[in-house]
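Colleague: Could you take me closely through one part of this model, and then set it beside whatever else you can describe with some care?

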Amino acid sequence: MAQQQPVAIETRHLGRQFGAVKALDDINIEVRQGQFVALMGASGSGKTTLMNILTCLDGATSGQVWLNGVDAATLDEEGRREFRARHIGLVFQQFHLIPYLNALENVMLAQYYHSVTDEASARAALEKVGLSSRMDHLPSQLSGGEQQRVCIARALVNEPPLLFADEPTGNLDEENERRVLEILQGLHRQGRTIVMVTHNPALGGYAERIIRLRHGRIVDDAKPPQDNATADGAATAIATPPSGEPTP
Ligand SMILES: Nc1ncnc2c1ncn2[C@@H]1O[C@H](COP(=O)(O)OP(=O)(O)OP(=O)(O)O)[C@@H](O)[C@H]1O
Ligand SMILES: [Mg+2]
């Protein structure tokens with residue numbers, strides 16, 4: 001079914017060099033709208049470099065990138081900022097929350113960058129990730145898992161079609177990891193395109209496709225074994241939608 005969808009992300013002969021280091025070399029990827037892709041590979045294999053290019057935070061040194069049909073090379077700095085605001089949601093391993101703003105204000109800040117300060121959508125986004133009762137908490141008053149869910153709410157508040165997550169559960173315990181992945185899966189079910197970097201093979205099982213990088217090149221691009229079902233509870237998580245969270 002996903003094969004029928006339009007292309008969300010496409011790269012052709014994409015390369016990124018830092019001096020003599022070929023961080024990315026001849027990357028050819030096509031991701032259809034609605035796909036949930038895990039990006040895996042050893043430390044230094046180029047995952048973050050690729051994510052930075054796919055989110056318009058960095059440019060390629062060779063090759064081409066299209067995001068939702070837009071050739072990234074045609075965007076100037078202002079164009080990239082605008083494109084990011086309308087099309088891209090980002091979740092990081094380090095939460096990057098503003099310490100003196102509460103959860104609601106942190107989510108509203110994302111909207112401020114997008115020049116729409118709409119408290120109602122910020123509240124709705126926090127409700128979607130199960131944080132209705134934590135909106136007035138400062139980051140220091142939230143658990144790691146709750147902080148990451150604030151970040152997901154912040155990434156979602158402008159309803160971006162493309163969601164990128166770089167090690168989103170890297171700082172979380174197992175229970176919070178499961179919650180965050182269930183939220184991502186719920187978003188996937190709603191048709192969002194998701195690219196998630198992970199080191200953990202068990203987490204790759206949440207995605208429908210795994211792209212593996214080694215030394216800046218793609219060495220494997222395949223569905224995980226058993227098509228989404230893995231050991232370590234990932235298969236069970238698929239069958240269990242996030243509890244108590246209203247779907248939009
Ligand atoms: N700004 C930079 N200047 C010079 N070299 C860089 C820069 N950014 C990345 N590199 C190099 O490019 C390669 C890929 O780095 P990247 O951060 O993409 O790896 P990664 O797969 O995300 O690793 P990790 O799992 O540790 O986060 C590494 O060899 C790194 O040293
Ligand atoms: Mg990285």
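Modeller: In this predicted model, strand β9 (residues 209–214) is joined to strand β10 (residues 217–222) by five bridges, and the two strands run antiparallel. Within that pairing, I210 has A222 of β10 as its bridge partner. The hairpin that β9 and β10 form has two residues between the strands, and there H215 adopts a positive phi near 45 degrees. Strand β9 also pairs with strand β3 (residues 36–41), again over five bridges but in the parallel sense, and in this pairing V37 is matched with R209 of β9.

The shell around ligand 1 includes G41, and residue 41 is also where the range of β3 ends. Besides G41, the residues around ligand 1 are F18, V21, A23, S43, G44, S45, G46, K47, T48 and T49. Two elements, β2 (21–32) and α1 (47–54), each give two or more residues to this shell, and α1 provides the largest share, with three residues. By character, the shell divides into seven polar residues, three nonpolar ones and one charged one.

Turning to a helix, α5 (residues 144–156) has 13 residues and reaches 18 Å from its first C-alpha to its last, close to the 18 Å expected at 1.5 Å a residue. Eleven of its 13 residues are buried, so α5 is largely enclosed by the rest of the structure. Its buried residues are E146, Q147, Q148, R149, V150, C151, I152, A153, R154, A155 and L156.

Terms used:
Residues are numbered from 1 along each chain as its sequence is written. Chains are lettered from A and ligands numbered from 1 in the order in which they are written. This is a predicted model: local features need pLDDT of at least 70, side-chain atom pairs count only at pLDDT 80 or more; totals for chains, interfaces and linings use all residues. Helices (H or I, at least four residues) and strands (E, at least two) are DSSP runs, numbered from the N terminus. The expected span of a helix is 1.5 Å times one less than its number of residues. A residue is buried if 20 or more other C-beta atoms lie within 10 Å of its own, exposed if 12 or fewer, and partly exposed in between; C-beta atoms are placed from the backbone. A residue is near a molecule or strand if its C-beta atom, placed from the backbone, lies within 6 Å of it. Ala, Val, Leu, Ile, Met, Phe, Trp, Tyr, Cys and Pro count as nonpolar, Asp, Glu, Lys and Arg as charged, and the others, Gly among them, as polar. Two strands pair if DSSP finds at least two bridges between them.
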